[in-house]
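Colleague: I'm new to this one. Could you walk me through it?

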Amino acid sequence: ILAIDPNAIGAHFNIANLYRVEDNVPQAKYHYLKVVEKEQEENAFFYLGFLSEKENDFEAAKQYYLKALAIDPKHEDACDELAKVYLQEGNILKAKEYFLKSLEIEPNSGETYTNLGGIFIKERNYSKAKEYYLKAIELLPDLATAHCNLGVVYEKEKDISNSLHHF
């Protein structure tokens, strides 16, 4: 298709997806950039953010996630990944802001509740962390990270019995 029409956005997007799955970051980025040159496509911006994150280029990742959110403010994955980048950079307030936005979009995300629980642990707000881990476990009963971190919270509260149950 690209031999016939080098500007075929759909073909570039599909090829980029294949390269992304194969972990060929430079080729995937090349084709996603071809897409966004022609069209403001939120998923192409999202994947460019994801690939930039893999390259530890957190500044570029943030910019791409923000572009995806500017096009689609309800892009839950972009909110979630942007929050993770902010968390990696140590910007707890921004991370919390975007994890909370992610929950507004998808209120049944056990992973996001777990991530917020981790932020509340960092803030030493153990009661809030416990609330979020319990909600995560309610949504995803087998989510090991939530159980383990809830065990830590119970340990901090000196509730050894519940702590051991979740470890």
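Modeller: Sure. Contact here means heavy atoms within 4.5 Å. Keep in mind that this is a predicted model.

Colleague: Then which residues does A44 touch, not counting residues up to four places away in sequence?

Modeller: Start with where A44 sits: helix α3, residues 42–54. With the sequence neighbours up to four places away set aside, the residues A44 touches are F13, Y32, V35 and V36.

Colleague: Is A44 buried or exposed?

Modeller: The cut-off for buried is under 20% relative accessible area. A44 comes in at 0% relative accessibility, so A44 counts as buried.

Colleague: How far apart are the C-alpha atoms of A44 and K67?

Modeller: Along the chain, A44 and K67 are 23 residues apart. In space, their C-alpha atoms are separated by 9.8 Å.

Colleague: And the largest nonpolar core, which residues touch the most other members there?

Modeller: That core has 43 residues. Its largest share, seven residues, comes from helix α4, residues 58–71. The ones touching the most other members are Y32, Y65 and Y98.

Colleague: What is Y98 in contact with, leaving aside its neighbours within four places in sequence?

Modeller: Y98 is one of the three just named. Beyond those sequence neighbours, its contacts are L66, L69, C79, L82, A83 and Y86.

Colleague: Last one: which side chain does a polar contact of 2.9 Å join to that of T112?

Modeller: T112 lies in helix α7, residues 110–122. T112 is buried, with a relative accessible area of 0%. Leaving aside neighbours within four places in sequence, T112 is in contact with E76, D80, F99, S102 and L103. The side chain at the other end of that 2.9 Å polar contact belongs to S109.

How values were computed:
Residues are numbered from 1 along each chain as its sequence is written. This is a predicted model: local features need pLDDT of at least 70, side-chain atom pairs count only at pLDDT 80 or more; totals for chains, interfaces and linings use all residues. Side-chain values use heavy atoms; hydrogens and water are left out. Helices (H or I, at least four residues) and strands (E, at least two) are DSSP runs, numbered from the N terminus. Buried means under 20% relative accessible area, exposed over 50%, partly exposed in between (1.4 Å probe, protein chains only). A polar contact is a pair of N or O atoms within 3.5 Å; within protein, one must be able to donate a hydrogen and the other to accept it, and residues adjacent in sequence count only if both atoms are side-chain atoms. A nonpolar core is a set of buried Ala, Val, Leu, Ile, Met, Phe, Trp, Tyr and Cys residues joined through side-chain atoms within 4.5 Å.
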